[in-house]
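User: Could you take a close look at a single part of this protein for me and then show how it sits in the rest? I'm in my first year, so please explain the terms as you go.

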Amino acid sequence: MEVWDVVVVGAGPAGASAAYAAAVAGRRVLLLEKSELPRYKTCGGGIIGPSRDSLPPGFELPLQDRVNAVTFSLDGRFARTRRSRRMLFGLINRPEFDAQLVEHAQKAGAELRTGASVIRVEQHGPSVPDRRTVAVVLADGETVLARAVVGADGSASRIGAHVGVKLGQVDLGLEAEIPVPPSVAEDWKGRVLIDWGPMPGSYGWVFPKGDTLTVGVISARGEGAATKRYMEDFVARLGLAGFEPTISSGHLTRCRTDDSPLSRGRVLVCGDAAGLLEPWTREGISYALRSGRLAGEWAVRVAEANDAVDARRQALNYAFAIKAGLGVEMAVGRRMLALFERRPGLLHATITGFRPAWNAFADITRGSATLGGMVRSNGMARRALELLDKRMDTSSGVGPAGRGVTARERAESGTEPGTEPGSESGTGTDREVGGHGTAAASESAEAAEQL
């Protein structure tokens with residue numbers, strides 16, 4: 001049977017990035033996707049600096065809008081808009097963005113197969129001809145052989161289950177795509193809304209994309225009824241309840257635990273399949289692009305390994321690369337989530353009323369800084385977070401919603417007392433939130449089953 005160098009499962013941003021990285025290295029790459037492209041994904045579609053910087057050379061972002069203003073509100077109150085002279089981040093529609101990423105992978109030499117649903121992978125047994133091979137079994141009974149496999153098949157990943165990915169935080173997001181008249185679209189042009197929500201760790205958003213507003217909310221899993229009420233109230237409060245959404249969807253986001261594996265044998269996982277997600281904002285596109293690129297590069301080395309020991313060494317190097325970069329950012333993000341769950345009002349007051357905090361937000365969204373790097377390198381930010389840790393008593397490692405931070409994570413982020421910090425590879429105007437909108441989004445079947 002034909003043996004591919006690298007088989008990538010899932011053609012989202014993580015999978016397309018992995019396929020591109022492996023194909024650029026000259027390897028024979030097969031990209032498997034269960035759906036036909038393009039396809040809709042529940043996602044705000046914000047492209048921050050780290051996402052932009054991780055795109056293939058020559059990639060032209062299909063931007064629907066360029067954001068230079070953010071309105072922050074606290075459960076609909078105390079709204080304030082902060083503005084920047086430069087673009088903060090861009091907004092895209094996922095179907096176009098994902099399809100374009102796949103096209104770049106194909107141009108680099110990867111072969112795409114859609115309608116290919118993977119039910120399991122096997123590294124031992126009669127389907128596997130030797131120890132250098134992994135068998136990828138499809139729903140129609142076909143078996144595809146590879147020297148290395150990258151799992152990028154989303155938050156309910158079958159490949160992640162094979163690897164043994166462990167999840168420490170699961171959230172439910174609801175979203176609606178709402179067409180609006182030109183007068184409403186003009187009011188939102190270049191401006192997004194972030195509303196710190198009524199449940200611990202929850203927030204809502206409005207992202208303008210031409211004649212459509214992407215409106216959504218997210219909250220901890222297990223709060224399904226309250227999350228739906230928040231979505232309904234949020235849409236009504238914005239004046240958007242009179243418009244019919246073209247799409248209403250629900251989705252579960254999942255964050256890995258600190259000790260969750262990233263590989264098993266010759267199989268690597270990345271993006272949502274690995275539980276790689278910013279815990280506080282649940283931003284996932286930049287994590288998908290960055291981890292996907294690393295997974296593709298290290299999958300090439302795994303494919304070249306002649307024995308299990310060498311394959312294991314390369315897989316561990318991939319895990320180290322992820323933990324040294326994205327892992328550090330996630331550790332700080334968990335601490336920010338713990339703070340946000342306890343003191344959303346404090347966070348709102350800080351970001352809207354304290355210029356350095358707004359500047360930090362702008363730098364992070366533009367990509368000139370990261371949350372982890374800023375905390376580790378900025379003495380004032382580090383001391384402030386240490387003080388907040390003490391006030392919130394996070395030493396137990398459990399936040400108010402059962403999702404806290406450990407002493408190990410504080411040490412890794414360079415803000416544990418007694419540790420040395422490491423290094424890591426506008427103007428405001430008051431404005432009331434306005435707009436016009438539609439019925440609340442319903443949970444998807446997958447999300448409903450998981451509640």
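Analyst: Let's begin with a bit of vocabulary: a residue is buried at under 20% relative accessible area, exposed at over 50%, and partly exposed in between, using a 1.4 Å probe and the protein chains only. The areas themselves come from the Shrake-Rupley method with that 1.4 Å probe, and for residues only the protein chains shown count as cover. What you're looking at is a predicted model, where local features need pLDDT of at least 70 and side-chain atom pairs count only at pLDDT 80 or more, while totals for chains, interfaces and linings use all residues. Residues are numbered from 1 along each chain as its sequence is written, and side-chain values use heavy atoms, with hydrogens and water left out.

First, the wide view. Of the 451 residues in the protein chain, 57% are buried. The accessible surface of the chain comes to about 18,200 Å², and 49% of that belongs to carbon and sulfur atoms. There are 14 helices and 19 strands; here helices (H or I, at least four residues) and strands (E, at least two) are DSSP runs, numbered from the N terminus.

Now for the part I'd pick: helix α3, residues 94-107. With 14 residues, α3 reaches 20 Å from its first C-alpha to its last, close to the 20 Å expected at 1.5 Å a residue. That expected span is 1.5 Å times one less than the number of residues. Just after α3 comes Gly109, with a positive phi near 120°.

Which residues of α3 are buried? They are Arg94, Phe97, Asp98, Ala99, Gln100, Leu101, Val102, His104 and Ala105. These buried residues pack against α1 (13-24), β2, β3, β8 (111-114) and α7, where contact means heavy atoms within 4.5 Å.

Notice the two charged names in that buried set, Arg94 and Asp98. Side chains of opposite charge can pair when their charged atoms come close. The cut-off for a salt bridge is a side-chain nitrogen of Lys or Arg within 4 Å of a carboxyl oxygen of Asp or Glu. Asp98 and Arg94 make one, at 2.9 Å from N to O. They are four residues apart in helix α3, so about one helical turn separates them.

The story doesn't stop inside the helix. Glu33 and Arg39 form a salt bridge too, with their closest N and O atoms 3.8 Å apart. Glu33 is buried because its relative accessible area is 6%, and Arg39 counts as buried at 10%. Put the four together and you get a network: Glu33, Arg39, Arg94 and Asp98 are linked by salt bridges.

Close to Arg39 in the numbering is a backbone detail: the peptide bond from Leu37 to Pro38 is cis, with omega near -5°. Pro38 is in the loop between β2 (29-33) and β3 (46-47), and β2 and β3 are among the elements that the buried side of α3 packs against.

For contrast, try another of the 17 salt bridges in the whole structure. Asp53 pairs with Arg52, the closest N and O atoms being 3.1 Å apart. Is Asp53 buried or exposed? At 52% relative accessibility, Asp53 counts as exposed, while Arg52, at 38%, is partly exposed.

One more stop is α7, another packing partner of α3. The loop between β18 (267-269) and α7 (285-304) holds Arg282. Arg282 has a positive phi of about 60° although it is not a glycine, and at 7% relative accessibility it counts as buried. Phe78 in strand β6 (residues 77-83) also has a positive phi, near 55°, but Phe78 is exposed at 56%.

There is also Arg290, which lies over the face of Tyr287, at 5.1 Å from the ring centre. For that label, NZ of Lys or CZ of Arg must be within 6 Å of the ring centre and within 35 degrees of the ring normal. Arg191 does likewise over the face of Trp188, at 4.2 Å from the ring centre.
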